[in-house]
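Grab a pencil and open the model. Below are a few short exercises, each with a solution worked step by step.

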Amino acid sequence: MTLKPSRKGLILLTIIITAAATVWAISSSRSTVDFNTQVKPVINKKCISCHGGVKQQAGFSLLFRSEALAATESGKPAIIPGDPDNSELIRRIEATDPEERMPYKHEPLQPEQVKIFRQWIKEGAQWGDHWAYIPVKPVAPPTQKSSWFAADQPRWGLNDIDLFVYDRMQKENLMPSPQADKATLLRRLSLDLIGMPAPQAIASQFLNNDDAHAYEDLVDSLLASPHFGERWASLWMDIARYADTKGYESDYNRNIWKYRDWLIRAFNEDKPYDVFLTEQMAGDLLPNASDAQYLATAFHRNTLTNDEGGTDNEEFRTYAVLDRVNNTWEGILGSTFACVQCHAHPYDPFKHEEYYKFAAFFNNTRDEDTEMDYPLLREYEDADNLKLAQLKEWLQQHADKARANEIVGFLKTWQPTINSITSDEYENAALSSNWYAALRNHGSCRVKNVQLDNRNKLIYRYRTNASKGVLTIRLDRRDGEILKSVALKNTSSEWALAELDFGEVTGTHNLYFGFEHPEPFDPNRSGVYLDWFYFTNQFPGKGADGYEQALSSFWRLMNAKVTTTPILTENPSDLFRQTNVFERGNFLTKGEKVDPDVPHSLNPMPANAPRNRLGLAMWLTDKKNPLTSRTMVNRLWEQLFGRGIVETLEDMGTQGEAPINQDLLDHLSWEFMTTDQWSVKKLLKKMTMSAVYRQDSKTSDEMLEKDPYNKFLARGPRVRLSAEQIRDQALSLSGLLSDKMYGPSVMPWQPEGIWLFAYNGAQWKKSENEDQHRRGLYTYWKRTAPYPSMIAFDAPERMSCTPRRVNSNTPLQALVTLNDSVYLEAAQHFAYRMQALGGADPEQQISKGYALAMVKPISEPRLESLKKLYQTSLAEFKTDAHKTAEMTGAPDKIDKKKKAADNTTKRYDPETAALIVVANAMLNLNEVITKN
């Protein structure tokens, strides 16, 4: 029986609907204008190019409220809060005369936009803080509520992430996808967490375990894998602009691989992210800094150094400082800041002078664009480490704490020294190759402003091939009082350390270093090269037991052969650098003096924070900082889902993409800082345990129409693998991948001639044995000629910070994986594995190979396609022994006397060659190079 609604019921329903619509219309019309979502986007798109940080036409700026309400060149403000009719801004955007109307010579604002501006001014022209610059606060997950129309709909999700995502899906009329099969989850999770296929033991344990906790056990196993650190270090190396060379024209080698190893260990031990950042920003400033904490500061020594002759070392030191500023903002704070070097930010609330206040935190590091990359961490071998520990213990007993720390610090870093590249007033001398002060006979140079109070010893580094040369140091003038004169030992042009004592001198002086030779001397020949100077005091404890042994240990350690890594150390007070605003960004045009500080629009420095890099690290990791946790959460999300919650990882400012789900981003960011205590592994586990992450990636026409880019995550991620992952996967499937971790960067095969353009004589020397098959992050990275196959798959040159790799799809990529020798060798060995697993049957060989790659059986259509490729190839190879030999890597003529049982001979046959073609094609399958 059909029930018909009564007339009264219909009338009542109509009244209810009408009343609700009326209330909604009234409330909508009375709602206040939201500056961030309704006004600011129009200002940024239509107004700011003429009235902002770069230009302020007619004296009018819309960047800050104080500027927008200030008097313009006319003497009157353009905005009068509460009075749109008398506001010049409204008159100009409503004008019909093209010479009067704004935007000038552009399309007028839409009527609805004008209406919004009117209402906004009427309501007081209130400004609003952009969401990303407001401190993170806890956000409760939405609740899943059943509606009248879906009362029987089951609840969906496994954790809080799912509640946020599902709520967003519903607003877009989307429904989640079913969970992916186990094989897909295994491969997806392995590639995401360790960047390569899971080890066989872990894979088998998951696939053969039907327990409810099997998936969580898999997550935990992969998080605990040592390969976890390698995968995530590779990501951070882009942010750190890591490379094995210095950049610029000469692009010489730089030994900084120990920083890469520090990253791997930091991720593996799940170093809390606040500590992870603090040690990289200011590990050297921590109390009793360890070698590892010094190493961490190499993060900001990945800046470029210009070793070309004739360049200005101070200019390129300055560029390195500014790079550190820009890197910190783009990589750690997810905001564009570089443009503030020249003017106020055009779109975000950062003023020109604030750029240089921030730069002041980095302006007092000891590095000065030196050829030796000073300062360096000097790491001793075991025997010398013991010597250092014994000396440290002796010093603690015979010197005050500050002096003991100074000596130990100097042994570890050779700092603080005065580099000879800062010398000037050369007479019959020059700065050789822009690196060292070189003095000819009767030549001299000046070292400025040397603090000599309480200092009576000089340790210096020099080289000379002249005997009987004399080094003279004079006070204040070239012909001034002699502070010391000393005979130089001939070092046969090798660098050596020497010391000299001098009398008590007070105050700050200019010192003139001169070279004299008593015999006839080639006037064009440099007599001595000076590297650095260290003014200090006598070694403490003279007369005490063990003094001679301690002094001997000191000099043994000073001259020890050590491994070195560029690090940051801070200037002492007598080498302090003043920071000035650069007018229009030009480092030659110094403006007002500024002190270290952070932008006024963000959280202030913590009350107890020193005004140095350690204080800056405290500000970055303060829970009030609105950007640090959001940026890292967004980055990790992008790595798992292929797209950040804010797509523009490098820019969460007003010109960046709006967050797809701001509540989710803030919820995770707050949890990351508080509940998770900055644990990256806990955050990754939370994300990978969600139902959102576990969805099948299959799509439909309806899904593609509603959400072509999967912004709302109604299906699983589908993203091409990174350059490193594609290489690592190919080597893993072939059985060639080396498990070796850490150590100097390696040089796998690459074509000849790629380095020929540089004049420095460096050569690519192919690594031997397993080193040529190590994971991609260990590949030697030359900035001016990066590893070609990596670049083809969108790896950056690492000249500067790369917060986000944007995947491309070009024919070059297929050319690499089909023709590059590394991938051909991988295909050969992959084919051997297929033969070992599949026996003599080609169908079984292909099936086993596909199962190795995808962890699941091959489909019938795919199998038929690959079988056809095998048969076609086999027919060709059977008629062409030369091609067979080329494909299998055999010589053109095979020794027929070899025994038939010889496996090597078997691998030269046409069947093997055909299977190699299939293996190569399999490594190129879309599903193999894509995370589905």
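Helices (H or I, at least four residues) and strands (E, at least two) are DSSP runs, numbered from the N terminus, and two strands pair if DSSP finds at least two bridges between them. This is a predicted model: local features need pLDDT of at least 70, side-chain atom pairs count only at pLDDT 80 or more, and totals for chains, interfaces and linings use all residues. Residues are numbered from 1 along each chain as its sequence is written, and side-chain values use heavy atoms, with hydrogens and water left out.

**Exercise 1.** Work out which residue in the hairpin of E6 and E7 takes a positive phi.

Start with the strands: E6 covers residues 470–475 and E7 covers 482–487, and they pair antiparallel over five bridges. Arginine 474 has isoleucine 482 as its bridge partner in E7. Now walk through the six residues between the strands, and you'll hit aspartate 476, with a positive phi near 70 degrees.

**Exercise 2.** Find what else E6 pairs with.

Look to strand E9 (residues 508–516), which pairs with E6 in the antiparallel sense over six bridges. To check the register, take valine 470: its bridge partner in E9 is glutamate 516.

**Exercise 3.** Pick out the residues that touch the most other members of the largest nonpolar core.

First, the term: a nonpolar core is a set of buried Ala, Val, Leu, Ile, Met, Phe, Trp, Tyr and Cys residues joined through side-chain atoms within 4.5 Å. Buried means under 20% relative accessible area, exposed over 50%, partly exposed in between (1.4 Å probe, protein chains only). The largest core has 164 residues, and the ones you want are Trp236, Tyr259, Trp329, Phe358, Trp619 and Trp637. Its largest share, nine residues, comes from helix H32 (residues 910–923). Don't overlook a second, separate core of 30 residues, which includes Tyr460, Tyr462, Ala498 and Val505.

Zoom in on tryptophan 637. Leaving out residues up to four places away in sequence, its contacts (heavy atoms within 4.5 Å) include Ile161, Val165, Leu664 and Leu713.

**Exercise 4.** Is aspartate 696 buried or exposed?

Locate it first: aspartate 696 sits in the loop between helix H22 (680–688) and helix H23 (701–706). Its relative accessible area is 14%, so aspartate 696 counts as buried. Then list the neighbours, again skipping residues up to four places away in sequence: aspartate 696 touches Ser177, Pro178, Gln179, Ala180, Arg188, Arg715 and Gly716.
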